[in-house]
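Okay, everyone, thanks for squeezing me in. I'll put the structure up on the screen, and then we can walk through a few spots together.

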Amino acid sequence: MTAQQNITVIGAGVVGMATAASLVRDGHSVTVVDMRPPGEYCSSGNAGILSPGSCVPFGLPGNLKKVPKWLGDPLGPLTIKPSYFPRVLPWLMRFQLASARSRIDPIADALRAMLRQTFDAWRPLAQWAGVPELIRQDGYLIVYESEAGYRADALGLKMRRDRGVVIEELDADGIRRLEPGLRGIYPRGVFLPEQGHVPDPLRLTRALAEQFRREGGTILQRKVLDIEMGPQGPRALVTDAGPLPVESLVLAAGVHSGELARRLGHRVPLESQRGYNVTFEQPTVTLSRPVLSGERKFFATPMDQGMRFSGTVEFAGLDAPPNYERSDALVTHAQRMMPELSGSNLTQWMGHRPCMPDSLPVIGRSPRFAHVYWAFGHGHVGLCGGAPTGRAIADLVAGRTPAMDLEPYRIDRF
């Protein structure tokens, strides 16, 4: 291992805290900087899915044909704020290019290389943080309301099987045996037994932060306004509490990483896919594992706080207020999936998924500055990819060879 380094991590979400934890476990002096407390952004309200089999790119051939129907359906999985469309159009064009048949297999290979490490990377970190019970490998279920819906997923299921993901076919009786709380409207389903979930993602990130502090790490609640550059790269963060000198730097700032990467010499096509959830507290009926609606593209996840329904994609930028009609749509879906469901309280949430147009994050060392590292853009797999990414960054800093080839995740691939 290399000598101890002074490392600053921008970002206290699950990716930033998993990276900081991996670095402090290697003996480095680590400071985390974020304008919010650990985990209280996109990391707090996600679906909680741990899925080493999530190797299917978000963009697939044929998706473009579905967009008009999705946009015209108030219960559909996609919406674009009309005034934001001109701004997001270049990203959407890149997304369409990445959805070509010739592109999706290499993307799926890279996703699988990262995510197959999910449990191997998360279990030791959760044990170190004192919350091993939060890493559950109980599988998840995908259910379909029709044979047509099942057939529409054929390419994605094949891509998973081709990469070694275990998939078990289920009929209506098999679905009912696994999850009797579901409405009997699903004739087809598949069970992925190697997958799992975290029943409280916020508690996981907070536990990492607490143990990180106990091990000597520092967390500063500051807003990073700019990066002061020197001849060899960044030498200080300009924050709302004054300058903060830096030696080595990890950028893990979620949707805010693009503006800071630009200061470090790279323009990246990073966009927020705004996601929503609704949680039924003290639910009258629950599930034993996550369930994904194959047609409607939302997850139902049993959480410590209650039954959470998560999903949808909204393009509206960072500044627009939440459109909680998207959460209302999830309530409609929840009641269709589980008609007997009610709760003592209903909470709504919106968060910003940091998404690249090719479904791959940016991970690795800066090609410009030897002591700058990237760990952002994980999109829909930030929780799954947090610990593998942290381990990869720690390996780079220590001079070890990471467990995955980082070439597909390079920052200058566009």
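So, look at the loop between strand S14 (271-281) and strand S15 (291-293): that's where Gln-282 sits. Keep in mind as we go that this is a predicted model. What is the phi of Gln-282? It's positive, about 45°, although this residue is not a glycine. For background, most residues other than glycine have a negative phi. Gln-282 is also exposed, with a relative accessible area of 62%.

Now slide along to the loop between S15 and strand S16 (298-303), where you'll find Lys-297. Here's another positive phi on a residue that is not a glycine, this time about 60°. Lys-297 has a relative accessible area of 37%, so we call it partly exposed.

Okay, let's go inside. Which residues touch the most other members of the largest nonpolar core? They are Met-17, Trp-122, Leu-204 and Phe-212, in a core of 69 residues. Let me zoom in on Phe-212. Leaving out residues up to four places away in sequence, Phe-212 touches Met-17, Ala-20, Ala-21, Val-24, Val-30, Val-32, Trp-128, Gly-217, Thr-218 and Ile-219. Apart from that largest core lies another one, of 25 residues, and its members include Leu-141, Tyr-276, Phe-298 and Leu-341. In soluble globular proteins, nonpolar side chains tend to be buried together.

But there's some nonpolar stuff on the outside too. Phe-85, Leu-89 and Met-93 form a patch on the surface, and together they have about 280 Å² of accessible area. Leu-89 belongs to helix H3, which covers residues 85-98. Is Leu-89 buried or partly exposed? Partly exposed, because its relative accessibility is 34%, which falls between the 20% and 50% cut-offs.

Last stop, the cysteines. How many disulfides does a search of the whole structure find? Zero. Let's see why for a couple of them. Take Cys-355: the closest cysteine sulfur is in Cys-42, and at 8.4 Å that's too far for a bond, because a disulfide needs the two sulfur atoms within 2.5 Å. Cys-384 has a similar story: its closest cysteine sulfur belongs to Cys-55, 11 Å away, so that's too far as well. Both of these cysteines are tucked in, by the way: Cys-355 is buried at 4% relative accessible area, and Cys-384 is buried at 3%.

That's my tour, thanks for listening!

Note on methods: Residues numbered from 1 in each chain as written. Predicted model: local features only at pLDDT ≥ 70, side-chain atom pairs only at ≥ 80, totals over all residues. Heavy atoms only, no water. Buried < 20%, exposed > 50% of the residue type's maximum accessible area, 1.4 Å probe, protein only. Core = buried A, V, L, I, M, F, W, Y, C linked by side-chain atoms within 4.5 Å. Contact = heavy atoms within 4.5 Å. Patch = residues over 30% accessible without salt bridge, like charges linked within 9 Å, V, L, I, M, F, W, Y side chains within 5 Å. Areas by Shrake-Rupley, 256 points an atom, 1.4 Å probe, with all protein chains shown as cover. Salt bridge = Lys/Arg side-chain N within 4 Å of Asp/Glu carboxyl O. Helix = DSSP H or I, 4+ residues; strand = E, 2+ residues; numbered from the N terminus.
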